[in-house]
Amino acid sequence: MPHVRPFLLASLAVRVIARALLDTLSPPACAACDAPVRRDRVFCPVCAEAVLRTENVPGEPLAFAAFGGAIAAALRRFKYEERPDLGRPLGHLLRGLVRDEAPVVDVVVPVPLHPRRLAERGYNQAALLAHAAAIELGVPLAARALVRLRDTPQQATLGRVERCTNVARAFVARSPRAVRGRRVLLVDDVATTGATLSACRDALVEAGARDVTALCLARTGAPSPD
Ligand SMILES: [Zn+2]
């Protein structure tokens, strides 16, 4: 290769070795079942088959997929099995959704956990996903713009009507300046009845947000962790 400069070959070799080292130290695994996958894949071929992409319609929260199959398994592990590392592959899916839907926004805000639950879990899964969306869009993340006032029962344990009353007025904008006059992208992991997103939207609008677009990784009409 007479036209390839030696330093380019050296830099290529360093990258190949670094990738091999990374794969040995932290082998890429399927987000739903831990089967080995290529580093640029989120799911193994079997789990990828079980992902149902959603058709997004105006007025509904934008979602990457229907809740179920591999997405449900990955989200359960992400939330309940101390797997904040899954924020990276699942954030990758959300970045794809953001690229496809291209919402025009000024700031990204995650649905907050109550401080007590945040202390238990150690991380807010919605904030990890919101971070990925903010990077893709090149806009700021206001991770603490909203606060959850009440530690409401888990939405998964409630019926449709109870879910709405459970979260109504549960959120307030802690830093209205972060959202006032701005177009906000509101991010959660799962939307079921949309009650949580709707209560957060109310709090953002009350704080002066100009517009709120809601986005989640998975959406379902059936009871699931909301
Ligand atoms: Zn898998």
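Buried here means under 20% relative accessible area. With that cut-off, 47% of the 226 residues in the protein chain are buried. Keep in mind as you click around that this is a predicted model.

**Start with the whole chain.** Show it as a cartoon and you'll find 8 helices and 6 strands. Walking from the N terminus, the elements go α-α-β-α-α-β-α-α-β-α-β-β-α-β. If you like contact maps, take the contacts with a separation of 6 or more: 72% of them join residues 24 or more positions apart.

**Now select the sheet.** Pick β1, β6, β5 and β2, in that order: they form an open sheet of 4 strands with parallel pairing. The edges are β1 (62–66) and β2 (107–110); each has a single partner strand, so one side of each has no neighbour in the sheet. Look along the sheet and you'll see neighbouring strands turned by 20° against each other on average, direction ignored.

Zoom in on the β1 edge. Strand β6 (residues 211–219) pairs with β1 in the parallel sense, over 4 bridges. To get your bearings there, label Ala-65 and look across to Ala-218 in β6, which stands opposite.

Next, add helix α8 (residues 195–206). This helix packs on the sheet and touches β2, β5 (183–191) and β6. Its direction makes about 160° with that of β5.

**Stop at Val-187.** You're in strand β5 now. Is Val-187 buried or exposed? Its relative accessibility is 0%, so Val-187 counts as buried. Which residues is Val-187 in contact with, leaving aside its neighbours within four places in sequence? Select Leu-94, Val-108, Val-109, Pro-110, Val-111, Ala-126, Leu-129, Ala-130 and Leu-215 to show them. For a distance to try in the viewer, go C-alpha to C-alpha from Val-187 to Leu-197: 8.3 Å in space, with their positions 10 residues apart in sequence.

**Finish with a helix pair.** Select α4 (residues 87–101) and α6 (residues 125–137), whose axes come within 8 Å and cross at roughly 45°. That angle is why α4 is oblique to α6. The crossing is right-handed.

Turn on side chains to see who makes the contact:

- From α4: Gly-87, Leu-90, Gly-91, Leu-94, Arg-95, Val-98 and Arg-99.
- From α6: Leu-128, Leu-129, Ala-132, Ala-133, Ile-135, Glu-136 and Leu-137.

Colour this set by residue type and the contact of α4 with α6 splits into 9 nonpolar, 2 polar and 3 charged residues. Two names should look familiar: Leu-94 and Leu-129 are also among the contacts of Val-187.

Technical notes
Residues numbered from 1 in each chain as written. Predicted model: local features only at pLDDT ≥ 70, side-chain atom pairs only at ≥ 80, totals over all residues. Heavy atoms only, no water. Axes fitted to C-alpha atoms, helices over the stretch in contact; angles between N-to-C directions. Helix = DSSP H or I, 4+ residues; strand = E, 2+ residues; numbered from the N terminus. Parallel < 35°, antiparallel > 145°, perpendicular 65-115°, else oblique. Left-handed = near helix turned anticlockwise from the far one by under 90°. Contact = heavy atoms within 4.5 Å. Nonpolar A, V, L, I, M, F, W, Y, C, P; charged D, E, K, R; others polar. Pairing = 2+ DSSP bridges. Buried < 20%, exposed > 50% of the residue type's maximum accessible area, 1.4 Å probe, protein only.
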